[in-house]
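Welcome! Please take a moment to look over the chain shown here, and then we can walk through it together.

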Amino acid sequence: MGHHLHEQGHAAGGGVPDWLPPALMLLAAAAVHLLLVRRARRRHPVLGWSRWRTGCFLGGILLLGVALLPPVAPFAHEDFRGHMVQHLLIGMYAPLALVLAAPVTLLLRTLPASGGRRLTAVLHSPPARVIAHPAVALALSTGGLAALYFTPLYNAITADPAAHWLLHAHFLLSGCLFAHVIAGPDPAPARPGVRARLVYLGVAVAAHAVISQLMYGGFWADIHAPVDQVRGGAEVMYYGGDLAELLLAAALVATWRPERRRGVGRSTAGRSTAGRGAAGRGAGRGVVPARNVSGGS
C-alpha cells in the first residue's frame, strides 16, 4: 500500500523531490506570519505582539514540517504506525500550537479598517457560527475517524496521492477548528461556556479511546496493513491522543478568563455615575466637593 503511494508521488513531481513543495509552503507561511508580526508591531507599538504567540506559530509550522517531510513522511507511506504519527502531528499537535498563536487577532491588527470590518462580519455570520459550534467541530475532527478507519475510505484515499493530501488538509483544518472552539484565544462569538467545552472535550477523549481500542482488537477496522502495524497505530493513537487532549485541556485552563458578575458591574457603574452626577450638580451651584476641601486643609 504505502510504498506504491510514495513512488507515485515522487514520479508525479517530474524529478522534483516530493518533500520540496510542502517545505516551500511551510517556509512561506512562516515568512508571511513574521511579516504580519512586524506590521502589527509598527502599527501598534504600545500593544506590540507577543513573542510567545510567534513561537507558538513557528512551533506549529515545525510540527507540520516533521509530519510532512522525511523521515516521517516516507515512514507514513510505508507503515500504518507512521501514518498515525503523521495524523497526530497534523491533526492535533500542530493545530493546537497554531491556534494558540491567535492568527485571527494578528490579522485584525494588521488589516486596514475596511478589511477588519469585513473579517469581523464573516466571523459573526450565521455560517461561521454553525461551523464554529463545538458539535460541528467535534464531528469533523473526531467523528470522521470512524468513517476513515471503519470503512474502505482509508484504503481508497491512501491509494491516491491527491486524495491523501486532501486528507492531510482535512486533519489540519478540522484540528484547528476544534482547538479554536475549545481553547482558542481568538474571538469566537458563538463559543459556549467552559463547562460545555469541557464536556465536548471529554466526548472527544472517549471517542478517541473507543476508536483506538476497536482498532487494536480488530473490530470493524478496514485497514489493508499487517496486524502488528494496525495494533501499533492504535497504540500511538490511544496514548498520543490522550497527551494531545491533555495539552488542549491545559490550554483551555490557561486561556480561560472568569466572567465578571453582571450585577456587581451594574452596581459599581451606577454608583460611579451617581457620584459624577452629584459632583457635576455641586459644581454648577458653586459648591466645592468635600474631598477637595479636606485635601486643601
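At what angle do helix α11 and helix α12 pack, and how far apart are their axes? Keep in mind that this is a predicted model. Helix α11 covers residues 161-183 and helix α12 covers residues 194-217; the angle between them is about 145°, and their axes lie 9 Å apart. On the α11 side of this contact you will find Phe178, Val181 and Ile182, and they meet Arg197, Tyr200, Leu201 and Ala204 from α12. Sorted by character, the residues of this contact are six nonpolar, no polar and one charged.

Now step back to the whole chain. Its secondary structure comes to 15 helices and zero strands. Of the 297 residues, 36% are buried. The accessible surface is about 16,500 Å², and carbon and sulfur atoms account for 68% of that. Among contacts with a separation of 6 or more, 75% join residues 24 or more positions apart.

With that overview in mind, let us return to helix α12 and look at one of its residues, His208. His208 counts as buried because its relative accessible area is 6%, under the 20% cut-off. Which residues does His208 touch, leaving aside its neighbours within four places in sequence? They are Met92, Thr142, Leu145, Met237 and Glu245.

The last of these, Glu245, belongs to helix α13. Is Glu245 buried or exposed? Its relative accessibility is 4%, so Glu245 counts as buried. Not counting residues up to four places away in sequence, Glu245 touches Met92, Leu201, Ala204, Val205 and His208. You may recognise Leu201 and Ala204, which also take part in the contact of α12 with α11. The C-alpha atom of Glu245 is separated by 9.5 Å from that of Ala179, although the two residues are 66 residues apart along the chain.

Helix α13 runs over residues 227-255 and also holds Leu246. At 55% relative accessibility, Leu246 counts as exposed, because the cut-off for that word is over 50%. Together with Leu243 and Leu247, Leu246 forms a nonpolar patch on the surface, and the three share about 280 Å² of accessible area.

Next comes a charged pair. Side chains of opposite charge can pair when their charged atoms come close. Here the count comes to one salt bridge, in which the side chains of Asp79 and Arg81 meet at 2.7 Å, N to O. Asp79 has 8% relative accessibility and so counts as buried, whereas Arg81, at 30%, counts as partly exposed.

Finally, have a look at the backbone. Most residues other than glycine have a negative phi, and most peptide bonds are trans. Where does a cis peptide bond occur? One joins Pro70 and Pro71, with omega about 5°. Pro71 sits in the loop between α3 (51-68) and α4 (72-78).

Ala102 has a positive phi, near 55°, and its place is in the loop between α5 (80-100) and α6 (103-110). Trp220 also has a positive phi, about 65°, although it is not a glycine; Trp220 lies in the loop between α12 and α13. With a relative accessible area of 2%, Ala102 is buried, while Trp220, with 67%, is exposed.

Key
Residues numbered from 1 in each chain as written. Predicted model: local features only at pLDDT ≥ 70, side-chain atom pairs only at ≥ 80, totals over all residues. Heavy atoms only, no water. Axes fitted to C-alpha atoms, helices over the stretch in contact; angles between N-to-C directions. Helix = DSSP H or I, 4+ residues; strand = E, 2+ residues; numbered from the N terminus. Contact = heavy atoms within 4.5 Å. Nonpolar A, V, L, I, M, F, W, Y, C, P; charged D, E, K, R; others polar. Patch = residues over 30% accessible without salt bridge, like charges linked within 9 Å, V, L, I, M, F, W, Y side chains within 5 Å. Areas by Shrake-Rupley, 256 points an atom, 1.4 Å probe, with all protein chains shown as cover. Salt bridge = Lys/Arg side-chain N within 4 Å of Asp/Glu carboxyl O. Buried < 20%, exposed > 50% of the residue type's maximum accessible area, 1.4 Å probe, protein only.
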